[in-house]
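Me: I have a model open and want to learn how to read it. Can we go through it feature by feature?

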Amino acid sequence: MSARPEGWVPDCGRPTLRLDAVDGEHHKTLAEVERLCRRFAEFGLTRSDVIVSCGGGTTTDVVGLAAALYHRGTAVIHLPTSLLAQVDASIGGKTAVNLPAGKNLVGAFWQPAAVLCDSDFLGTLPPRELRNGYGEIARCHFIGADGLRGLPLPEQIVGSVRLKASVVATDERDGGLRHLLNYGHTLGHAIEKATDFAVRHGEAVAIGTVFAGRLAGVLGRVPPDRVAEHEAVVGHYGLPTGLPADVDDAALVNLMRQDKKVTVGLAFVLDGPDGAELVRGVPERAVTEALAAMPRAER
Ligand SMILES: NC(=O)c1ccc[n+]([C@@H]2O[C@H](COP(=O)([O-])OP(=O)(O)OC[C@H]3O[C@@H](n4cnc5c(N)ncnc54)[C@H](O)[C@@H]3O)[C@@H](O)[C@H]2O)c1
Ligand SMILES: [Zn+2]
């Protein structure tokens, strides 16, 4: 959460240090990690203590990395307060900060001792931030949790967390199955970069999910009704289904080539007869064709 004056901290019967985190991508830095660790040391925090993060995904990422590094690993509990952090960022043990060269370039795997998702926090979330979190919930439909539409929000959170936790339990270090969580993310990341992050992550993933369906259709991996289901699911959550007006298809293709899943050519997590899987070496022709057919937001 943004810097605030001293507020209420529950009495846990132990000496407690409360630190105000400064959130947002610009503060997801090693300098912020160092600032926190210095304060931990001044306070006398030991490895048998526990660090509690409370905030959106930028906060759980920074505090999680500080916890991973302090005394080579101190227990951390996350209290995520944005929908995106509840369904995604706080789960799975990835922590990271940004460098000028790119997002999340310095990090560590550090599993939280617990994650407590309290949907009451979401009552103050701006509508666009809420919708942003729905982008990650929407993509769950195609990677193993297809019954979340229409459920009450707490159940959607539980379903998304359960799915992510089960994938991470099978592949904690991102060696294979964890790729599935990147459904919709190849184009999503490209859209974020092409728009200089004016399109929020969850919105970009939503558009990327529609595209993943269309690309799977072009490649003959899924029938037309399954392609249409992508647009229907994303639209159901009130998320954008079309490309932003001003982005150039060729620029998007170039950005997608730089995706970290790619070794050669273009790679996507795509639906198919056996469910979603990572598909490498997707022909550029097919990508261009699917992009050209995407709906576009009006200028
Ligand atoms: N570690 C992972 O596995 C993982 C996964 C997905 C995303 N992430 C990271 O998560 C970050 C995005 O998370 P985010 O969308 O939560 O961003 P964020 O932390 O910037 O929070 C978004 C905005 O919501 C506000 N906010 C948060 N909780 C609020 C509340 N309860 N009421 C009112 N306002 C509130 C914040 O002040 C901020 O302005 C990115 O940096 C991304 O890289 C990490
Ligand atoms: Zn994501």
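**Reading the model**

Reply: Start with the record. An unreviewed UniProt entry lists residues 22-131 as "domain: 3-dehydroquinate synthase N-terminal". In the model, that span is 35% helix and 25% strand. Its end C-alpha atoms lie 22 Å apart.

Me: What are the pLDDT average, the ipTM and the pTM?

Reply: This is a predicted model, so begin with confidence. The protein averages a pLDDT of 94, and 96% of the residues score at least 70. Residues 1-5 are another matter: there the pLDDT is below 50. That stretch still has nine contacts in the model beyond near neighbours in sequence. The ipTM is 0.99 and the pTM is 0.94.

Me: Next, sheets. Which strands form the open sheet, and in what order?

Reply: General idea: strands of a sheet pair through backbone hydrogen bonds, either parallel or antiparallel. Here three strands form an open sheet with parallel pairing, in the order E1-E2-E5. The edges are E1 (50-55) and E5 (114-115), each of which pairs on one side only. Six bridges hold the parallel pairing of E1 and E2. For a register mark, take Cys54, which stands opposite Leu79 in E2.

Me: And how do E3 and E4 run, parallel or antiparallel?

Reply: E3 (residues 94-99) and E4 run antiparallel, joined by five bridges. The two form a hairpin, with two residues between them. Thr95 stands opposite Ala108 in E4.

Me: What about side chains on a strand?

Reply: In a regular strand the side chains alternate between the two faces of the sheet. Keep that in mind as you step along each strand on screen.

Me: On to ligand 1. Which residues come nearest?

Reply: The shell around ligand 1 holds 27 residues, and the nearest are Gly56, Gly57, Thr58, Ser82 and Ala89. Then ask which elements supply the shell. Those giving two or more residues are helix H2 (57-69), helix H3 (83-89), strand E4 (102-109) and helix H4 (127-140). So E4 serves the hairpin with E3 and also the ligand shell.

Me: How many shell residues are nonpolar, polar and charged?

Reply: Six are nonpolar, 13 polar and eight charged.

Me: Now backbone angles. Which residue in the loop between H2 and E2 should I look at?

Reply: Most residues other than glycine have a negative phi, and most peptide bonds are trans. Arg72 goes the other way: its phi is positive, about 60°, although it is not a glycine. Arg72 lies in the loop between H2 and strand E2 (75-80). Arg72 counts as exposed because it has 7 C-beta neighbours inside 10 Å, and the cut-off for exposed is 12 or fewer.

Me: Where is Phe197 found?

Reply: Phe197 sits in the loop between helix H6 (185-194) and helix H7 (201-218). Phe197 also has a positive phi, near 65°, and is not a glycine. With 13 other C-beta atoms within 10 Å, Phe197 is partly exposed.

Me: Why does Gly281 count as exposed?

Reply: Count C-beta atoms again. Gly281 has 10 such neighbours inside 10 Å, so it counts as exposed. Its place is in the loop between strand E7 (277-279) and helix H10 (284-292). Leaving aside neighbours within four places in sequence, Gly281 is in contact with Val264 and Gly265. The C-alpha atoms of Gly281 and Phe268 are separated by 8.8 Å, and the two residues are 13 apart along the chain.

Me: Last one. Which residues does Met294 touch?

Reply: Discount residues up to four places away in sequence. Met294 then touches Phe211, Arg214, Gly242 and Leu243. Met294 is in the segment after H10. Sequence distance and spatial distance are separate readings here: Met294 and Ile207 are 87 residues apart in sequence, but 9.3 Å apart in space, C-alpha to C-alpha. Met294 is partly exposed because it has 18 other C-beta atoms within 10 Å, while a buried residue needs 20 or more.

Key. Residues numbered from 1 in each chain as written. Chains lettered and ligands numbered in written order. Predicted model: local features only at pLDDT ≥ 70, side-chain atom pairs only at ≥ 80, totals over all residues. Near = placed C-beta within 6 Å. Helix = DSSP H or I, 4+ residues; strand = E, 2+ residues; numbered from the N terminus. Nonpolar A, V, L, I, M, F, W, Y, C, P; charged D, E, K, R; others polar. Pairing = 2+ DSSP bridges. Contact = placed C-beta atoms within 7 Å. pLDDT = per-residue confidence, 0-100. UniProt positions renumbered as here; feature names shortened; annotations may be inferred.
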